[in-house]
Each structure stands twice: as C-alpha cells, then as structure tokens.
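Good morning, and thank you for coming. I should like to take you through one structure, moving from a single residue outward to the sheets and the aromatic side chains.

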Amino acid sequence: MPGTGSRPRPAKTVLISGASVAGPALAHWLHRYGFAVTVVERAPELRTGGYKVDIRGAAIEVAERMGILEDIQRASTDMQTGAYVNDDGKRIATLPADIFGARIGRDDEIMRGDLARILYDRTRDDVEYLFGDSIASLTPIAATGAPTGAATDEGAEGIDVTFERGAPRRFDIVVGADGVHSTVRRLAFGPEERFSRHLGTYLAVFSMPNELGLDREELYYALPNKLLCEYSSAGDPAAKGMMSFRSPRPAHDHRDTDRQLALLEAAFEGDGGRTPRLLRAAREASDLYFDGMQLIEMDRWSSGRVVLLGDAAHCASPASGQGTGMALVGAYVLAGELAAAGGDPAVAFDRYEREMRGYVEVNHRLAEKFVTEMNLATRRGIRLRHLMLRILPHMPWKNLVAKKVAEDVQRGANAITLKDYGAVRPASAAGRPRRRGAAPAAAAALPPYAA
Ligand SMILES: Cc1cc2nc3c(=O)[nH]c(=O)nc-3n(C[C@H](O)[C@H](O)[C@H](O)COP(=O)(O)OP(=O)(O)OC[C@H]3O[C@@H](n4cnc5c(N)ncnc54)[C@H](O)[C@@H]3O)c2cc1C
C-alpha cells in the first residue's frame, strides 16, 4: 500500500466481466474458495455458438479437478475423419487417422457452446449472473471511501463500478474475462490497438443444415489464401460451416454483423464448389462468429485491483487451438493464487502472471506457426499438400510425421506445471455445485480469510 506500508484489505467480492469459458470457470473456483462472485455478460443470455475447441494437457487436468471432465467427454464431438474435396465435392485426400487425431496423451474436443453451458450450469446456483449488461466505468476507491483519482490505482481498497443498465456497485476485485475485445482491458489499460497483433487471417463460423449427410466427418475445400470447411459432430443434427481467408486488417467493428458478412462475401466472391452455399448459410445463421485472428500481447495483465483472464489477457487466436485450454488453466491459477494469498490482489496477481507467462508465450509462438500453414497461398501448394496426404499412409516415415504433429500440439498444451492449491477435489460427489453459504469441505485447508 503506497504511503501506509500496511497490507491491503483482503478481497471478498469479485466482479467478473464475461460468461463464456474463462469467466464461469473462474467463478467456479472463486466460489469454492469462499469469495462472493458476480458475473456480468453483455449478451442477453448464454451465447451458444462457436466452433469445436480442444481441451488438452494441463486443461484436461484442470477439468478433472473441477469435476467436469466426464461432462466434457459425454459432450465430445467424437470426430472420426477429415478429407479435402475438389470443386465437385469429391474427396481427393483423406487425412490419415493418426494425423487427424494427432495426439499424445489425453485430448478432448467439445463444441465451445457446450462447454460454456457445462460451466454455466455448474455455477448458476452459486454465483450471481447479470445478463444483458456491461461495465461502463471503473473507479478505484481508497480506504477513506473517496475515489483515488487514477483509473486502476495500486493503493485502491475497492472499485466502484457503473453498468450500462444496472445500478452502480462496489467490488473488491474486477476481472476482465470478456474476450479478445475486452471492455475491462480498454477501461483499465487502454485501447485494443495497443495490444492486438493481427495474424493476417479472418475466420467465420456458423451453423448450417447438414445437407451433405456428414457423420462426424470434416470436409475441407482449399483455395489460394482461403479455406472452407463443413462438418458435423456427434449428437448435432446440424452441421457447422467455417470460412477463413487471408487479409490485412480491414476496418471492421466486431459487433457489426452486416459489415462482417460484406467482408466475407467480398473475400469469396466468384469462388466455386460449395462456396456460394456456405456464404448463404453464413447470412442465414443466427450464431455467426466472425473475427480476425490476432494475438493479444501485454506486459502486465493486472493493474491495481483489476486483472485480465483468458482471451482478454492473452488471446492466442483460434490458430493456436489453445485459447479455451488457456482460459480454463488461467482461471484455475488465478483463483488458486487469490485463495493462497488470502485475498491480497497484489500478491496473487503477481504470482498468477509468473505461473502463466511461459505457457502463454509457447502458445503464441505456435499460433504464429499454425496460421501460416492454414491457408496456402498458391494452387500449386494446395495440390502438393493433397498429394502428400495421399501418399503419406504408404510412406515408411508416416509415423514420424504423425509424431511431429502431435508433439507440436502437445508442447503448447503442457507448457505449464499446475500447482496444487489445496482444493482439488470435485465440488461434490454428486457433481452438483454447492449453494451459496454452504462451506466447501476443501476450503477448510485454506487461509482463514478464504474459508
Ligand atoms: C459466441 C462465441 C463463439 C466463438 N467461436 C469460436 C470459434 O469458433 N473458434 C475459436 O477458436 N474461438 C471461438 N471463440 C473464442 C473462444 O471461446 C475463446 O478463444 C476461448 O474459449 C477463451 O475464452 P474466453 O472466455 O477468454 O473469451 P470468449 O470466449 O471470447 O468470451 C468472452 C465473453 O465475454 C462477453 N463479453 C464481451 N464483451 C463484454 C462486455 N463488455 N461485458 C460483458 N461481457 C462481455 C462475450 O459475450 C463472451 O461471452 C468464440 C467465442 C464466443 C463468445
């Protein structure tokens, strides 16, 4: 504490902005450690859209400690195979099974919306959720109750929060788990452009009818600098469409769907195969996800009593395949460090950053590598890739290729060693969360404040 030398008042109340993956996962752990948690989500209800996401390595361990691993496995996409198709939709190169599922150790895949639902269902009885609202301002408050003057003053004893709709409230800590375009980051650290590095590729994902009768199969159609994909996952009668294209950063508002569709249509204008059908499906979809692939790079993820988590802090882009895993792991580490530090934000945020930095770095580098491999620039390159895939199963070095792919993927997923924060058992044997007020058994091992 500047000027006083005393310890700050420990945090008890936490406001989390964002109810996707990072936010509800953090809420789960914080509730378990005895904090009172509120989550504010801009969308009027839980957002269910999105592509399939991987849970690997350390994230599997976290899911297990949360007691949700079985739920995730039950909702697995169970994808079986993938193939490249030509203009006529004919399969011309199938991915060998051991490369398609390039895995060493355990690996699960789930639809992002299903994971968000699992996390929300786990926490909804214990945590206050405010849908359809957003933080409008953050004012740090000194022990005297007066504003400290700076946006996220290190000496603050709490934060006064105003909302776009709801009445103002005061919290001990505010967490930005509100994604790559984080509002909390903008309010506490500055404009997005300062921290965002565009990787030169855009991605659209949307639900569409399963017109091709796909069964847990993924079909790719590659064009120079572009890739389309259509797939169906287990238990979903619909299919998903994916369109990606290389482009320098155009001016686009991430909330302006009409402008996003216009960019998509301009990028794929005149292309053959299933392109016109996918463009129409994107326009008709109610769950279109469209964004540039970008890295969020920051020197610090915390300032005073405000801290960032998940994509808001360190988005690694969909190219990394690790955004969701890092969100789950980051939630575990942040909550664990807060509990271990007895609610002292300065100590906890420092340790949280130290634990997470190396893991995030590795995955940022992998994203840069994977994004260049995603969309090949020339027809010649695409033909070569198809040829390689066709001959690969017959090559003696086939296993080496599969091993290399798996090693790359697993390197990022395992680039952190999880601490044991002393509360690693599932919330209850029955798998149901406790209601507010019921002291979690595991919390008895925590510092007095947290229990
Ligand atoms: C609808 C949706 C679809 C997605 N689809 C894909 C996909 O297909 N492929 C992929 O790789 N990644 C996708 N992502 C991103 C992926 O979920 C994240 O990379 C990863 O899971 C990390 O999660 P996160 O919780 O940190 O951030 P996110 O999952 O981005 O969640 C951020 C949450 O904060 C909310 N939010 C934003 N601004 C505010 C605000 N001002 N106030 C309150 N709440 C706010 C958002 O609505 C969202 O629920 C998608 C995200 C969303 C929200």
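A residue is called buried when its relative accessible area is under 20%, exposed when that value is over 50%, and partly exposed in between. Please also keep in mind that this is a predicted model.

Let us begin with Glu109. This residue is found in strand β6, which covers residues 107-111. Is Glu109 buried or exposed? Its relative accessibility is 13%, and because buried means under 20%, Glu109 counts as buried. Which residues surround Glu109? Leaving aside residues up to four places away in sequence, Glu109 touches Lys52, Val53, Asp54, Ala75, Ser76, Thr77 and Met79. With one of these, Thr77, there is a polar contact between the side chains, at 2.6 Å.

Another of those neighbours, Lys52, leads us to a ring. Lys52 lies over the face of Tyr231, at 4.7 Å from the ring centre. A second arrangement of this kind involves Arg357, whose charged end sits over the ring of Trp301, 4.0 Å from its centre.

Tyr231 belongs to strand β14, residues 226-231, and β14 brings us to the open sheet. Seven strands make up this sheet, in the order β5-β4-β13-β14-β15-β12-β16, with mixed pairing. At the edges are β5, residues 91-94, and β16, residues 289-296, each of which pairs on one side only. From one strand to the next, the twist averages 25 degrees. As a general reminder, strands of a sheet pair through backbone hydrogen bonds, either parallel or antiparallel.

Within the sheet, consider β12, residues 196-208, and β15, residues 239-246. These two strands pair in the antiparallel sense over eight bridges. One point of register is Leu203, whose bridge partner in β15 is Ser244. Which helix packs on the sheet? That is α8, residues 275-284, which touches β12, β13, β14 and β15. The direction of α8 makes about 85 degrees with that of β12.

I turn now to β8, β9 and β10. Strand β8, residues 135-141, and strand β9, residues 158-163, pair in the antiparallel sense over six bridges. Strand β9 also pairs in the antiparallel sense with β10, residues 169-171, over three bridges. How many residues lie between β9 and β10 in their hairpin? There are five. Asp160 of β9 appears in both pairings: Asp160 is the bridge partner of Thr139, and Asp160 stands opposite Arg170 in β10.

Finally, the aromatic side chains. A search of the whole structure finds 13 aromatic pairs. Why is the pair of Trp29 and Tyr33 classed as stacked? The ring centres are 6.2 Å apart and the planes stand at 25 degrees; planes under 30 degrees apart count as stacked, and therefore this pair qualifies. Both Trp29 and Tyr33 are buried. Ring pairs also link Trp29 and Tyr33 with Tyr332 and Tyr421 into a cluster.

Tyr129 and Phe131 offer a second example. Their ring centres are 5.8 Å apart and their planes are at 10 degrees, so this pair is stacked as well. How accessible are the two partners? Tyr129, at 14% relative accessibility, counts as buried, whereas Phe131, at 25%, counts as partly exposed.

That concludes the tour; thank you for your attention.

Methods: Residues numbered from 1 in each chain as written. Predicted model: local features only at pLDDT ≥ 70, side-chain atom pairs only at ≥ 80, totals over all residues. Heavy atoms only, no water. Pairing = 2+ DSSP bridges. Helix = DSSP H or I, 4+ residues; strand = E, 2+ residues; numbered from the N terminus. Axes fitted to C-alpha atoms, helices over the stretch in contact; angles between N-to-C directions. Contact = heavy atoms within 4.5 Å. Buried < 20%, exposed > 50% of the residue type's maximum accessible area, 1.4 Å probe, protein only. Polar contact = N/O pair within 3.5 Å; in protein donor to acceptor, adjacent residues only side chain to side chain. Phe/Tyr/Trp six-rings, centres within 6.5 Å; stacked < 30°, edge-to-face > 60°. Lys NZ or Arg CZ within 6 Å of the ring centre and 35° of its normal.
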